[in-house]
Amino acid sequence: QVQLVESGGGLVQPGGSLKLSCVVSGRIFRINVMGWYRQAPGMQRELVATFNTGGTTDYADSVKGRFTISRDNAENTVYLQMNSLKAEDTAVYYCNAEIKTRSYLASRNYWGNGTLVTVSS
């Protein structure tokens, strides 16, 4: 069974920083895509940042220049460094990964349970 576990959320003042982590565990043949999404109250879940197949990255326009996604392939971990945080960054942040658990099975999409980030003074 594959699990994605996020950590690092919390309360931070505007202008502050947080670093989120997501560890993927379980039987993994290959991780194709890893990234972060967020969902604010009353809003749809949206892409924040992702590593695509091939290792390229995509960012939401609203976080470009402030957030940085990174990964440790040996530890099956993806990080999200968030700087210059704003009130509108307040949301539950979800880790997402497209994972192949067996060589003969198709890839599947997996989600973590989320970690809450609150930006407030």
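Over the ring of which residue does the charged end of R45 sit? In this predicted model, the charged end of R45 sits over the ring of W111, at 4.6 Å from the ring centre. A similar kind of contact involves K19, whose charged end sits over the ring of Y79, 4.7 Å from the centre of that ring.

W111 also takes part in contacts between aromatic rings, of which a search of the whole structure finds two pairs. They are set out in the table below.

| Pair | Centre to centre | Angle between planes | Arrangement |
|---|---|---|---|
| Y37 and W111 | 5.0 Å | 70° | edge-to-face |
| Y94 and W111 | 6.5 Å | 85° | edge-to-face |

The angle of 70° between the planes of Y37 and W111 is the reason why this pair is called edge-to-face, since planes over 60 degrees apart are counted in that way.

Where do Y37 and W111 lie along the chain? Y37 belongs to strand 4, which covers residues 30-39, while W111 belongs to strand 10, which covers residues 108-111, and the pair therefore links distant parts of the chain, 74 residues apart. The pair of Y94 and W111 also links distant parts of the chain, with Y94 in strand 9 (residues 91-100) and W111 in strand 10, 17 residues apart.

Taken together, Y37, Y94 and W111 form one aromatic cluster. Within this cluster, Y94 is buried, with a relative accessible area of 13%, whereas Y37 is partly exposed at 23%, and W111 is likewise partly exposed, with a relative accessible area of 35%.

Technical notes:
Residues are numbered from 1 along each chain as its sequence is written. This is a predicted model: local features need pLDDT of at least 70, side-chain atom pairs count only at pLDDT 80 or more; totals for chains, interfaces and linings use all residues. Side-chain values use heavy atoms; hydrogens and water are left out. Rings of Phe, Tyr and Trp (its six-membered ring) pair if their centres lie within 6.5 Å; planes under 30 degrees apart count as stacked, over 60 as edge-to-face and the rest as tilted. Helices (H or I, at least four residues) and strands (E, at least two) are DSSP runs, numbered from the N terminus. Buried means under 20% relative accessible area, exposed over 50%, partly exposed in between (1.4 Å probe, protein chains only). A charge sits over a ring if NZ of Lys or CZ of Arg is within 6 Å of the ring centre and within 35 degrees of the ring normal.
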